[in-house]
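Q: I am new to this structure and would like a close look at a single part of it. Please take me through that part slowly, in connected prose.

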Amino acid sequence: MSGLKKVDIAAGVVWVEVPELDIRILCGCPADSVKHMMLRGLILPTQVAGVKTETGPNAILLSDVMIQNGAFCNLAEFPVLQMFYRQGMLLPGHPNNTGRRPRLIGRHEQLQAQLQYIYRGNYGLISAEELMEAGLDPATSHEMMRLKLRFAFGRISHPRELLDTLTLADAPVELGGGLMLRRLGLNHFEFSHEGESVDVDLNLPPFEIHECPYTLGFHQIPREYFAVIHSGDGDGWDIRRPSMGAILVYQGRIFLIDAGPNLIYALNALGIGINEIEGLFHTHSHDDHFAGLTTLIRADRRIKYFATPMVRAAVTKKLAALLSIEEEDFSDYFEVRDLSMGEWNDVDGLEVRPIFSPHPVETTPFYFRVLAEGGYRTYAHMADVVGLDILKGMVTEEPGKPGLSQAWMDKITADYVEPADVKKVDIGGGLIHGAAQDFSVDTSRKIILSHTALKLTDEQRRIGSGASFGTVDVLVRSYRDFARRSAYEHLAGYFPTVSDAHLQVLLNCPLETFNPETILIREGSQSEAIYLLLTGQVEMLSSDSRIRSQLSAGALLGELAGLHGLPSMETYRATSYVQALRLSPDFYLEFVKRHDLFADISRLMEIREFLSRTWLFGEVVSTGTLNRIANDMRPHNVALGDDLDVDDHCIALIRSGKGLRMVGAQELEHLGPGDFFGEETAAFGTPRLSRVIATAPMELSVLPAATLQDIPGVRWKLFETFHRRTRACAEAQVVTSGDLIWREEYSVNILRIDNHHRRLFEMSNRLIDAVRHGKDKSETGIALDFLIGYAMYHFTEEETLLERYGYPEGNSHAAKHKRLMSQVSELEERLSAATIGADEVLSFLQGWITNHILVEDRRYAPFINAKGVY
């Protein structure tokens, strides 16, 4: 009998093992999957040949999709680090370093994305050119690269040199010793060995997110004038606590410092809703400070992102690699506010000074200060610093040798020990983290030791304090009511035509606080109050809907039932401590009637009620934002059997009826009330790969995509759906011989350029399809314009890349681009005159795109790869 063994670790995370083959596979690797394995006893301390080490996986099966229910599914950085260093598979002379390399298994595109993401996670920016592009001068860029190479032991190595990869397409693959792996469906796999088999399903149920490995409890946090909430003091290996992080409260507003794993759990435990967050200060791009970015994307506005340009560049390159998107797309989800390193930057009265800290990736700890009676109050967040003894060993005055100068070392040391009222410091030790003894001479009023999974020693306890999750250091106490300021801002957005003086009538209503898990309004009951949610999070549940929504600040609860004297159709239940403005229904109705708002509010409420019960809009979107969406929606009816053909710039939601999404004659997805379509073209500018037909008469609500452009939470869900549907189309395998077919041998080994080339193939096939099916000149022209526009964008990006890295044939390559663009003019003329058929269009595009990629683009690839760009 086979020793095939399966362990369900957590939702979306499974362990498969065959002990006699020495194969141990982590299936699915969301944030903190290493901690989950530790908790299940799959990673344990041990000894091999007298050397202390750990057990753990030696292979990872990646999810077929990068995002599920809004969160990352493939974050292999820490599992790979555990294999490299804690198991010893990469350490010279270690008994576990047998020459066998950790293995990644998955679809080609996921493998490439993970390799590039790990590459950026290891090094951040990988050349002086990239550092200069991030705003550093040539001399500083050179010194930064000297130091980076010292951390990299003299050479930046791509993960391809350290990891094995195995592509799992549609055919079964052997993992060794007769262990077979095959895909049964999207994210559904079967392992088999010697007559035994186990199924592994990495799909998450609707509305379920990956589990948190530790318990946080509930905390009620005051909104002070200037305070520090301690939201994490562990590290990426600590199974008891979140990774190092903090939350600043300034004038009652919430600012995060870093975004580690399980951020959504931490915020809920602290009674902070997503829409309350004003901004994020980001120190660096390692996963234990980065993995929570998707939580912040769920807000109904772009949260401010504060970082130095070099940190922002490292973060955007890593995120772009992980998701196979453009770096510029980062600004679709965050409002970027660059900070100047070494200077005090004014953020609406909150001053912040980023300082440089040596680390494998670009890193800037922060000093914050606020002017108060008696002078400035200061907080220092020192993540991730390096031990001064380690740094001393890197000092060299030889300009061509990896390391740093003594003068720079002295500046870093002085920055580290600058006094503050409260200072949180990384004491994680090792080669890349700090040491408590370096702060023994620090004269800060309070030092908090952080970023460690180990018990503090007596020496460390004499130097600094600890800070349990949810504890608060108040630096400037508040004597203002910030909750009512928040209520005013939400009401002013909801009632834009009502004067401030009249809004004060509502603001004079009482504030109520609810404990976690308290029901505010029960389904079927006559509502005694309407609540404006100010802090915390509330879930909306309905017995006749499969949707479960999480609501945050700005949501108005029970308005429809309260205004019309109806029983509530939903249950509203606090998931954290919640504060809300309580409005009595009779009083609120009188206010609405007095200002002649009843008709407009009733109209919008009916649409909002529908929107709040959809997956796309039901979560975290505030009432004011829903009103704006509702105002821009237009009705559209579709008869039975008709194609659902909406404007390319619009997204359609199904109000009633049913539809079927198809590719060719193959059925892909059944759609019903609350579902949507059209996101690929409207939101992402990609030709439609599928069509939708009405299987019952349908009533649609059509919405311009531009309305959603500045709502990152909605755009993020569109992005997730777009990639899931694109993958389903690829799974359908309906590409005909009359299409341009992307093949992996076309790859130029540069992720961003390969993504561009794939997009060109998709757009070319849209044009071929329009000609093949005799579409009118308007539709054919639009398809051609899409293709030409994107080709021009791609050529410009490619030329910029070649110029940046000094490709010697760059001018010649740019000239070839010009010739390609001139050739398309003839195609445009023949299409306009209808003197060309689909086969000729295909033939032209094969030469125009494919031959250029195979010959010209693949020619520059080795040169650019040699610069460390993949």
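How many bridges join strand β38 to β41, and do the two run parallel or antiparallel?

A: In this predicted model, strand β38, which spans residues 659-663, is joined to β41 by four bridges, and the two strands run antiparallel. One of the places where they meet can be given by residue, since Arg-661 has Val-692 in β41 as its bridge partner. These strands belong to an open sheet of three strands, whose order is β39-β38-β41 and whose pairing is antiparallel. The edges of the sheet are formed by β39 (666-671) and β41 (691-694), and because each of these has a single partner strand, one side of each is left without a neighbour in the sheet. The strands do not lie exactly along one another, for neighbouring ones are turned by 30 degrees against each other on average, direction ignored.

For a view of a helix beside this sheet description, one may turn to α17, which covers residues 585-594 and whose buried residues are Pro-585, Tyr-588, Leu-589, Phe-591 and Val-592. These buried residues cover an arc of only 160 degrees around the axis, and therefore they lie on the same side of α17. An α-helix has 3.6 residues a turn, so residues three or four places apart point the same way. On the face of α17 turned away from its buried side one finds the exposed residues Asp-586, Glu-590, Lys-593 and Arg-594. Just after α17 comes Asp-596, with a positive phi of about 55 degrees.

Notes: Residues numbered from 1 in each chain as written. Predicted model: local features only at pLDDT ≥ 70, side-chain atom pairs only at ≥ 80, totals over all residues. Heavy atoms only, no water. Pairing = 2+ DSSP bridges. Axes fitted to C-alpha atoms, helices over the stretch in contact; angles between N-to-C directions. Buried < 20%, exposed > 50% of the residue type's maximum accessible area, 1.4 Å probe, protein only. Arc of directions from axis to C-beta.
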